[in-house]
Amino acid sequence: MTSAAAFRHAMRHVPTGVTVVTTLKEGEPRGITVNAFASVSLEPPSLLICINREARSYLFISTSRVFCVNVLAGDQRRLAERFSGKVRDRQFAGVEYAIDATGAPVLGGAIAHFDCEVSHEHQIGSHSILVGRVLSCNARAGSPLGYFNGGFHDFGIHVD
Ligand SMILES: Cc1cc2nc3c(=O)[nH]c(=O)nc-3n(C[C@H](O)[C@H](O)[C@H](O)COP(=O)(O)O)c2cc1C
């Protein structure tokens, strides 16, 4: 088995998009920056996210059983930083959002969102794979935010 350091080093060479996964905590909005996100199935429409079970957001998602994946636009780097631990309380102060099917926040300016209810959970090591059944989704024109080699980058490629 390889070392954690070798694994981390190799993963730095893998480009991804950046999302903020939102949920609710007793009606209060909560979010976490996540790049472990993938499509799973078309029928039924399903996706997965991987969440560290020590993250506070994990507790909130596993309690509420709902989450919304917000795919960030290239100019939303500050939101990615905000939801990766920089702001611990009143996370959504000054953040514009709406509500779709589940009640989890849909972030203004995100280029796509997928509003889900948890259908499966698989615990693997430190993380849980949470599979979400997509109840509603939408997209808008824009360029995505990317993550590569430990840094954020605007893809600079627009999709309609
Ligand atoms: C670009 C980026 C991607 C991340 N992806 C994930 C992820 O896929 N899963 C995860 O559990 N944490 C991920 N994190 C770390 C969480 O955002 C971070 O640990 C967060 O502070 C947890 O917050 P909480 O404990 O308040 O829920 C990522 C962080 C960054 C900057």
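Which residue has a backbone N or O atom 2.9 Å from an oxygen atom of the ligand? I will start there. Keep in mind that this is a predicted model.

The residue is Arg56, whose backbone N or O atom lies 2.9 Å from a ligand oxygen. Ser57 also makes a polar contact, this time through its side chain: a polar atom there is 2.6 Å from an oxygen atom of the ligand. Then there is Gly85, where a backbone N or O atom sits 3.4 Å from a ligand oxygen. As for cover, the ligand taken alone exposes 650 Å², and the protein buries 79% of that. In total, 18 residues surround the ligand. The closest are Arg30, Thr33, Cys50, Asn52 and Ser57.

Next, helix H3, which runs over residues 77-86. Which of its residues are buried? They are Leu79, Ala80, Arg82 and Phe83. These four lie on the same side of H3, because they cover an arc of only 165 degrees around the axis. In general, an α-helix has 3.6 residues a turn, so residues three or four places apart point the same way. On the other side of H3, the exposed residues are Arg78, Ser84 and Lys86.

What covers the buried residues of H3? The cover includes five strands: E2 (19-25), E3 (28-34), E8 (105-107), E11 (145-148) and E12 (151-154).

Strand E2 takes us to Val20, which is placed in that strand. Val20 is buried, with a relative accessible area of 0%. Leaving aside neighbours within four places in sequence, Val20 has contacts that include Leu79 and Phe83, and those two are among the buried residues of H3. Other contacts of Val20 include Gly31, Ile32 and Thr33, as well as Cys68, Val69, Asn70, Leu72 and Leu107. Thr33 appeared earlier, as one of the closest residues to the ligand. For a sense of distance, Val20 and Gly125 are 105 residues apart in sequence, and their C-alpha atoms are 22 Å apart in space.

One last residue, Ser46. Is Ser46 buried or exposed? Ser46 counts as buried because its relative accessible area is 10%, and the cut-off for buried is under 20%. Ser46 is in strand E5, which covers residues 46-52. Which residues does Ser46 touch, leaving aside neighbours within four places in sequence? The contacts are Ser39, Val40 and Ser41, together with Val131, Gly132, Arg133 and Val134.

That is the tour.

Key: Residues are numbered from 1 along each chain as its sequence is written. This is a predicted model: local features need pLDDT of at least 70, side-chain atom pairs count only at pLDDT 80 or more; totals for chains, interfaces and linings use all residues. Side-chain values use heavy atoms; hydrogens and water are left out. Buried means under 20% relative accessible area, exposed over 50%, partly exposed in between (1.4 Å probe, protein chains only). The arc is that of the directions from the helix axis to the C-beta atoms. Contact means heavy atoms within 4.5 Å. A residue is near a molecule or strand if one of its heavy atoms lies within 4 Å of it. A polar contact is a pair of N or O atoms within 3.5 Å; within protein, one must be able to donate a hydrogen and the other to accept it, and residues adjacent in sequence count only if both atoms are side-chain atoms. Accessible areas come from the Shrake-Rupley method with a 1.4 Å probe; for residues, only the protein chains shown count as cover.
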